[in-house]
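Q: Could we go through this model together, taking one kind of feature at a time and learning how each should be read?

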Amino acid sequence: MADSLISAFDAVLSDLDGVVYTGPHAIQGAVASLQRLETEGVRLGYVTNNASRTPAQVAAHLRKLGAPAEDHQVVSSSQAAGELLASLLPAGARVLITGSAALAHEIELVGLVPVSSAAENPVAVVQGFNPEIGWKDLAEASYVVAGGALWCATNTDMTIPQARGIAPGNGVLVAAVAAATGKTPVVAGKPEAPLFHTAAKRLNSDRPLVVGDRLDTDILGGNRAGFTTAAVLTGVDTKETILAARSDERPDYLLADLADLYVTYPQISDDGGTFRCGAASARAHDDIVTVTGAEDDLDAWRAACAAWWSAVPDASTARVPRLEWRRH
């Protein structure tokens with residue numbers, strides 16, 4: 001019997017929103033899949049761009065859902081922002097917090113002083129997601145950024161999955177300040193590589209698999225870190241958006257959910273430009289991908305991705321091919 005996909009790796013670096021849970025609720029089957037990693041001898045770390053909670057709070061939430069999680073297993077973009085600012089500013093420097101109390105705590109931990117007003121003369125602004133942020137908070141950040149202060153964003157996710165659907169993420173709030181000031185922040189979290197390298201180092205992992213639901217953060221960041229990446233279809237990105245992905249946002253594996261870690265990943269072969277995966281096949285010509293298989297068969301999409309990505313190996317922007325479906 002062929003080995004399962006996860007047998008090739010010594011750790012999983014998992015995103016949270018859209019992979020483990022959506023809003024307060026666990027995604028079906030996710031907790032059981034995470035629990036099983038230990039029996040497979042695979043270590044587990046969580047890499048999250050959500051800066052609204054401390055790693056300890058995130059770990060407590062995961063444990064409440066039944067998922068295995070110690071505090072040190074959670075690496076957040078707020079931690080990355082704190083480390084980045086501490087490397088750029090002198091100890092004791094004042095930093096305006098446009099975000100949560102958890103973000104302010106991480107800034108304190110690295111020897112900087114969080115403040116809440118431009119009147120306190122901050123030399124930097126750090127902006128992270130907080131559902132309580134309002135116009136006054138964004139205005140305060142804009143005053144300080146426009147005045148020439150260092151500006152750091154924990155992340156620039158444009159959306160965040162919630163139980164009721166997809167909602168605006170930190171990137172939307174960052175974009176508001178950028179539009180008001182004409183400035184661009186440095187970004188601490190995903191899709192930058194250091195967050196993934198930090199997580200792998202904590203786990204003493206040489207062969208981690210990065211698992212995420214977003215191409216522009218999880219997959220791009222994992223690719224930049226030089227790690228193998230897997231996109232799951234339980235969150236933001238879809239089979240269609242993954243097919244159209246830019247070259248540096250293309251995952252190594254396409255999975256329905258975390259349970260797919262424990263099955264054999266089908267081999268994809270190239271037969272003179274016809275890419276075969278399971279019972280499905282696909283071939284790209286011009287801007288058309290002809291797929292032989294069923295639209296609800298993930299192997300058909302895997303074949304389509306292989307064919308299209310081979311035909312368009314250097315895509316700097318998302319390119320959507322026309323799909324033509326044929327039955328076997």
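**A buried polar residue, a crossover and two cores**

A: Let us begin with contacts in space: in this predicted model, Asn 130 touches Ser 52, Gly 99 and Ser 100, when residues up to four places away in sequence are not counted. Asn 130 itself sits in the loop between strand 8 (124–127) and helix 5 (135–146).

Q: Is Asn 130 buried or exposed, and why?

A: Asn 130 counts as buried because its relative accessibility is 16%, and buried means under 20%.

Q: Which backbone atom does the side chain of Asn 130 reach?

A: The side chain of Asn 130 reaches the backbone oxygen of Gly 99, at 3.0 Å.

Q: How many bridges join strand 19 to strand 20?

A: Strand 19 (residues 288–292) and strand 20 (residues 322–326) run parallel and are joined by five bridges; Val 289, for instance, has Leu 323 in strand 20 as its bridge partner. Together with helix 10 (residues 298–311), these strands make a β-α-β unit that is right-handed.

Q: How should I read a nonpolar core, and which residues have the most contacts inside the largest one?

A: In soluble globular proteins, nonpolar side chains tend to be buried together. Here the largest nonpolar core has 56 residues, and those with the most contacts inside it are Ile 6, Tyr 46, Leu 62, Val 211 and Leu 261. Helix 10 gives the most to this core, with ten residues. Apart from this core lies another, of 28 residues, among them Val 47, Ala 81, Ala 104 and Ala 124.

Q: What does Val 211 touch?

A: Leaving out residues up to four places away in sequence, Val 211 touches several residues, including Val 12, Leu 13, Val 232, Leu 258 and Leu 261, as well as the polar-named Ser 14 and Asp 15.

Key
Residues numbered from 1 in each chain as written. Predicted model: local features only at pLDDT ≥ 70, side-chain atom pairs only at ≥ 80, totals over all residues. Heavy atoms only, no water. Pairing = 2+ DSSP bridges. Helix = DSSP H or I, 4+ residues; strand = E, 2+ residues; numbered from the N terminus. Right-handed = clockwise from strand over helix to strand, strands pointing away. Buried < 20%, exposed > 50% of the residue type's maximum accessible area, 1.4 Å probe, protein only. Polar contact = N/O pair within 3.5 Å; in protein donor to acceptor, adjacent residues only side chain to side chain. Contact = heavy atoms within 4.5 Å. Core = buried A, V, L, I, M, F, W, Y, C linked by side-chain atoms within 4.5 Å.
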